[in-house]
Amino acid sequence: AVLDSEGEPNLEQWQKAEELLALNEGDHEITKFQIRAHTPRTSKIRFVSPKIPAFGWQTLWVRQMDERETDTPKEIPLFLKPLLPLAMKVAQTSLGEKVLGSLGRWQGDKPPYVIENEYYLVEASPSDGTVTLHDKKTGAIFTGLNQFVDGGDAGDTYNYSPLEKDTFVTPTVKGVDVFLDRVNPSMTVHYSMKLPAALSADRKTRSKQFIEMPIQSRLSLLPGVQRVDIRTTVENQAKDHRLRVHFPASFGRPEAHYDGHFEVVRRPVGVPEKGKEWVETPRPEVPQRAFTDVSNGEVGLMIANRGLPEVAVLDRVNGKGDEIALTLLRCVGWLSRGDLPVRQGHAGPALETPDAQMPGKWTFEYAILPHKGDWQEVCREAYAYQTRLRAIETSLHTGGLPKEGAFLTHSPKDFEVSAIKPAEQGEGWIVRGVNLTDEILQVWIKPLAPFSSAHRVNLAEDVEAKLDSLADGGVQFKVKGYQIASILFRP
């Protein structure tokens, strides 16, 4: 056995096995080897963690349950097995739905396809695959969410360029699977998109040859978490196209908010008129980091993401609101082209980029965050979504830290900590953050580690002012509206 009783590698046994193999390999009379391997039993555990302090940790102990504690499913008696098909038919009747509904929301092979938690009720349409979301806190209802739309792209890696005559494609639904787990209810919508294989020879329209692009979109809820997580997988073999996912809101506002670098940017919806000397035609697509948000001041809709930097907020065709369009794929074959109608000349070398057609399987993660008020009500949930928890497995041992705690505590919450990092020069560490409001904040920071001195520094970490240590072990300082602040702590 190459594993010991604790499941760790048994190095002594492993070395003996290697020596035995080497000895037999030198024997020319042996022409066939048979190696029998055994994989130890493993379990994949999925659970919702307790609340973990910001910038902190919590220790969880995992142990094997006693056999008497496990809930092992029992084998159906032989005399009852012939009745199983009849029981399944009864379960799908209205009487069966009522009985099973008393145990938990029943989902058979017919709509409605619904999952819910204490915050939201989410329903998928079996006809077009879009999602209707009921916000239980505000009473707001959002329809048509998670709508996939594909169009042609005659641009390059620098600029999207629409076609003169485009063919826009929406998917057909192949099925919906619902999993009513008590901890993590979810449903997966299976789609298929029949896409033009590439552009036509003149690059003005899409080709008449078609190729299928399967899509799977898994929507899930977690108890205590105010968002709808979505994980979408796409298998792409088509070329020269752009795939986006749309999230309409019933209210229309003249502006939207986008998370940016050390700020939340407010931009008008729509595009400005092109100036006479402009090199590029203005487009509605803009950059984002953690989220994009539209709201009317009372309720709003935020779409958070993990690594999807391009987004657009569009006026809906019927004029009854805005629509967040999140770019998933841009598939183009050139680094730069000099014949784009949206730009004068080249933006870079005229090189073919076949990998930029993005062939293969891709997975995208984003989340829906309906909310009351404006973006400030829920932006920290979007930042938390973008920053995953880190799990570290270790053996049971003693240590100098308690089972839970925080490496850093601070107030107020409007001061958004963006980095905790080692100092560039000498010993010490930097705590950096930004005031996302237009008001002056009195900020308090207390690190877990003791420090001998604290200084206000600029982004180059040049000292600007010394900060006095407070009796509680922290420091205090003022930060102007929209200002970045960096503190250098020396050990």
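What follows is a conversation between a student and a tutor about the terms used for this predicted model.

Student: How are the values obtained, and from what kind of model?
Tutor: Residues are numbered from 1 along each chain as its sequence is written, and side-chain values use heavy atoms, with hydrogens and water left out. The model is predicted, so local features need pLDDT of at least 70 and side-chain atom pairs count only at pLDDT 80 or more, whereas totals for chains, interfaces and linings use all residues.

Student: What makes a stretch of the chain a helix or a strand?
Tutor: Both are DSSP runs, numbered from the N terminus: helices are H or I with at least four residues, strands are E with at least two. The protein has 4 helices and 28 strands.

Student: Why are β15 and β16 called paired?
Tutor: Two strands pair if DSSP finds at least two bridges between them. Strands β15 (residues 291-295) and β16 (residues 299-305) have 5 bridges and run in the antiparallel sense, so they meet the rule. One of the bridges joins Ser295 to Gly300 in β16.

Student: What about β14 and β17?
Tutor: Strand β14 (residues 286-287) pairs with strand β17 (residues 310-315) over 2 bridges, antiparallel. In this pair Val286 stands opposite Val311. Strand β17 also pairs with β18 (residues 322-331), over 5 bridges, and there Val311 stands opposite Leu326.

Student: What makes β7 and β13 edge strands?
Tutor: An open sheet of 9 strands has the order β7-β8-β9-β10-β19-β16-β15-β12-β13, with antiparallel pairing. β7 (172-179) and β13 (264-268) each have a single partner strand, so one side of each is left without a neighbour in the sheet. The twist averages 20 degrees from one strand to the next; the axes behind such angles are lines fitted to C-alpha atoms, for helices over the stretch in contact, and angles run from 0 to 180 degrees between N-to-C directions.

Student: How do you know that helix α4 packs on this sheet?
Tutor: Helix α4 (residues 379-386) touches β10, β12, β13, β15, β16 and β19, and contact means heavy atoms within 4.5 Å. The direction of α4 makes about 15 degrees with that of β16.

Student: Why is Asp150 called buried?
Tutor: Buried means under 20% relative accessible area, exposed over 50%, and partly exposed in between (1.4 Å probe, protein chains only). Asp150 has 0% relative accessibility, so it counts as buried. Arg206, at 3%, counts as buried too.

Student: What makes Arg206 and Asp150 a salt bridge?
Tutor: A salt bridge needs a side-chain nitrogen of Lys or Arg within 4 Å of a carboxyl oxygen of Asp or Glu. For Arg206 and Asp150 the N to O distance is 2.8 Å, so the rule is met. Arg206 lies in the loop between β8 and β9 and Asp150 in strand β6, so the pair ties together parts that are 56 residues apart in sequence.

Student: How do Glu365 and Arg306 fare by that rule, and which is buried?
Tutor: Their side chains meet at 3.4 Å, N to O, in a salt bridge. Glu365 is in strand β19 and Arg306 in the loop between β16 and β17, 59 residues apart. Glu365, at 14% relative accessibility, counts as buried, while Arg306, at 23%, counts as partly exposed. Both belong to a network of salt bridges that also includes Arg231 and Arg388.

Student: Why does Arg432 have no salt bridge?
Tutor: Lys and Arg count as positive and Asp and Glu as negative, while His and the chain ends are not counted. The nearest side chain of opposite charge to the buried Arg432 is that of Glu461, 4.3 Å away, so the salt-bridge limit is not met. Arg432 is found in strand β23.

Student: What is noted about the backbone of Glu461?
Tutor: Glu461 has a positive phi of about 65 degrees although it is not a glycine. Glu461 sits in the loop between β25 and β26 and counts as buried at 14% relative accessibility.

Student: What makes a group of residues a nonpolar core?
Tutor: It is a set of buried Ala, Val, Leu, Ile, Met, Phe, Trp, Tyr and Cys residues joined through side-chain atoms within 4.5 Å. The largest has 52 residues, and Val122 and Phe148 are among those that touch the most other members. A second, separate core has 17 residues, including Val431 and Phe477.
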